[in-house]
Amino acid sequence: MPDFFLFGLNINAWITIATMIAIFVVMSRSRIPAEIAFLGGLTILLVMGIVTEEEGMSGFGSEPVVVHAAFFVIIAGLMQSGALYLLTKHVLGEPRSYSNAILRLMSLVGVSAAFLNATNVVALFIDAVKIWARKLNIAPSKLLLPLSYAATFGGMCTLLGNSSNLIIAGLYMNTTGKTIGLFEPLIPGLAVTIVGMVLVELLRRFIPSRQSSEQSFETTSDYTVELLVPTDNPAVGKSIEEAGLFNVKGGSLVEIVRFDKEIIYPVNKDEWVLGGDRLIYTGQINDLLELKRTHGLAAADHHVWSINDIDTRRKMRTAYITFGSDLIGKSMTQCSFEHDNDAVLVAVARQGKRVEGQPREIRLQAGDSLLLECPPGRDDKIENDNRRRLTFFDSHFVPQIGKRTLTSVLVLILMFIISSFHVLPLMATTMLAAGAMLLFGCCRATQVTKYIEWELLLVLGSTVVFSIAITKTGIADTVASQIVSICHGNPYIVMILMCILASITSEMFSDVGSSAIFFPIFYQQAIMMDCNPMPFVMALMFSVTISFASPIGSTTHMLIYGPGSFRFSDFARLGVVLHIALLAVSIIVINLIYPL
């Protein structure tokens, strides 16, 4: 490619910058999942020759990716052996007040997140916290937001606590050949955790109270209508469509229950109408009740459906749509979801309230809660579909507590001891622990894959390559020198300015992406000013993780977005205060510990 320079950057640098901006836009303005956006960007870098094939593949074999993959196996062992089940079942207890509940929850979650990764801990605790909130008679959102905050606080204390810490530690090792200790972020992490918990407790009145979407699904009689077909009805002997009972105003036909208890679902428009059929509709109740008058139907003598199954062949499940799902922006009539999964959408709730209208015609949004009627076993298939990205509220898994439980805990403890004393590198230690979980039967190899977040591994691998491109094309050198010049070479001003930029970017993008983009710039600035790189590296770790003002920048926020029926703006109410205060605390403590 011919030499071309603009503002000191060549054409490859500008292509890299344009690619990163495109990823920002795609992730914020479309439903394309993050891993697809990053892999698309990586493809551009490879095709344009900005990175070599070897460099493009190096990210997926890097320490952050391998450690995460191994840690997913470790989490599977802790889950399947019952170790984490015991934690959530017996440790929370019975708090005396909401204030006491927040402190107890945040203390437990903060410690757990430091050792088990913030994202895993939030995913583990969501169901337990919702049950806890019901016992305390408060909205789940009042506890789910502190849950997310506490997990983020605790995750800052170790390298395993969150993904961005591992990314930065891996990039630091690749650049310098030196490793960062597992507990290197502990002291500033504890300072941030303590201040954060105090602020959440003092400002708890700013935590929004949102009605749980599941409360909209408490009784199915509120959104389903059952109509009986008399034996002398003219529709008997006709198809559902011919009788005018298939496409009806304000609703849709979900199931037919025959007089002999045969259940037909989903209903085909060519299905015959028989005397004694119970036609179960969902949608606008008033419109559906008009069918009694217009089509000579009768009210059923009792309601067949309840939140409990009427037989063992089906069950009602509530799930929420996560960010990146291909269902976002579509209605069920515009996709093959129901057909592919032999499931029926019964109702939709948004921000704690049922969405009025025909469920199958509603355009779905991230965070929507769906009431689905599924055959047994089908819910697991749906939850493991990476395109659909549906997460079910309730979990029916109750592990057997026994020797495997103790074994899994011992494996985890040994992993931390070995890593803390640098007996083995972190990557080798986590791989050894994952192997031990499989070897001692703490988890089954056939079930491990459902615990692995493949999309996160793809994002991690891609971000490492982007960091290579930023260094290779000279972007890091140019940006670093310009900011150092603007700040007149004052390292404290440079650090503060860069931390602000990195934290704001993380709010709009993601902590993982921001860490890879900013690492080479932070590191180059330290070298240019002849400073110790460690305080700059640690400052980056905290600045990209302190993203509390939006659900996009935090994986833990995205996990609670649907279950808590949150609005996008809910996170800014307390999040902006936490962002500013904790960023300041982290910078101060880091500079006290690490001399520039």
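In this predicted model, F115, F183 and F416 come together as one aromatic cluster. Aromatic pairing recurs elsewhere in the structure, with the count coming to 11 pairs. One of them is formed by Y149 and F153, whose ring centres lie 6.4 Å apart; with 15 degrees between the planes, under the 30-degree limit, the pair is classed as stacked. Both residues belong to helix α8, which spans residues 141–155, and their separation of 4 residues corresponds to about one turn of that helix. Y149 has a relative accessibility of 0% and therefore counts as buried. The value for F153 is likewise a relative accessible area of 0%, so F153 is buried too.

F153 also takes part in a second aromatic pair, this time with F548. Here the geometry is edge-to-face, with 5.6 Å from centre to centre and 65 degrees between the planes. Whereas Y149 and F153 sit in one helix, the pair of F153 and F548 links distant parts of the chain, 395 residues apart. F153 contributes from helix α8, while F548 is found in the loop between α21 (533–545) and α22 (555–561). Both partners of this edge-to-face pair are buried.

Another link across the sequence can be followed from V66, a residue of helix α4 (residues 63–81). V66 and L460 are separated by 394 residues in sequence, yet their C-alpha atoms are 9.9 Å apart in space. Once neighbours within four places in sequence are set aside, the contacts of V66 are with G61, M427 and M431.

Turning to the surface, a nonpolar patch is made up of L406, V409, L410, I413, L414, I417, F421, V423, L424 and L432. Together these residues expose about 940 Å² of accessible area. The largest contribution to the patch comes from helix α14 (residues 403–420), which supplies 6 residues. Another member of the patch, L432, is located in helix α15, covering residues 426–439.

Finally, the cysteines deserve a brief look. A disulfide is a covalent bond between the sulfur atoms of two cysteines. How many disulfides does a search of the whole structure find? The search returns 0. C499 is buried because its relative accessibility is 0%. For C531 the relative accessible area is 13%, which is under the 20% cut-off, so C531 is buried as well.

Terms used: Residues are numbered from 1 along each chain as its sequence is written. This is a predicted model: local features need pLDDT of at least 70, side-chain atom pairs count only at pLDDT 80 or more; totals for chains, interfaces and linings use all residues. Side-chain values use heavy atoms; hydrogens and water are left out. Helices (H or I, at least four residues) and strands (E, at least two) are DSSP runs, numbered from the N terminus. Contact means heavy atoms within 4.5 Å. Rings of Phe, Tyr and Trp (its six-membered ring) pair if their centres lie within 6.5 Å; planes under 30 degrees apart count as stacked, over 60 as edge-to-face and the rest as tilted. Buried means under 20% relative accessible area, exposed over 50%, partly exposed in between (1.4 Å probe, protein chains only). Patches are made of residues with over 30% relative accessible area and no salt bridge: like charges are joined within 9 Å, nonpolar side chains (Val, Leu, Ile, Met, Phe, Trp, Tyr) within 5 Å. Accessible areas come from the Shrake-Rupley method with a 1.4 Å probe; for residues, only the protein chains shown count as cover. A salt bridge is a side-chain nitrogen of Lys or Arg within 4 Å of a carboxyl oxygen of Asp or Glu. A disulfide is a pair of cysteine sulfur atoms within 2.5 Å.
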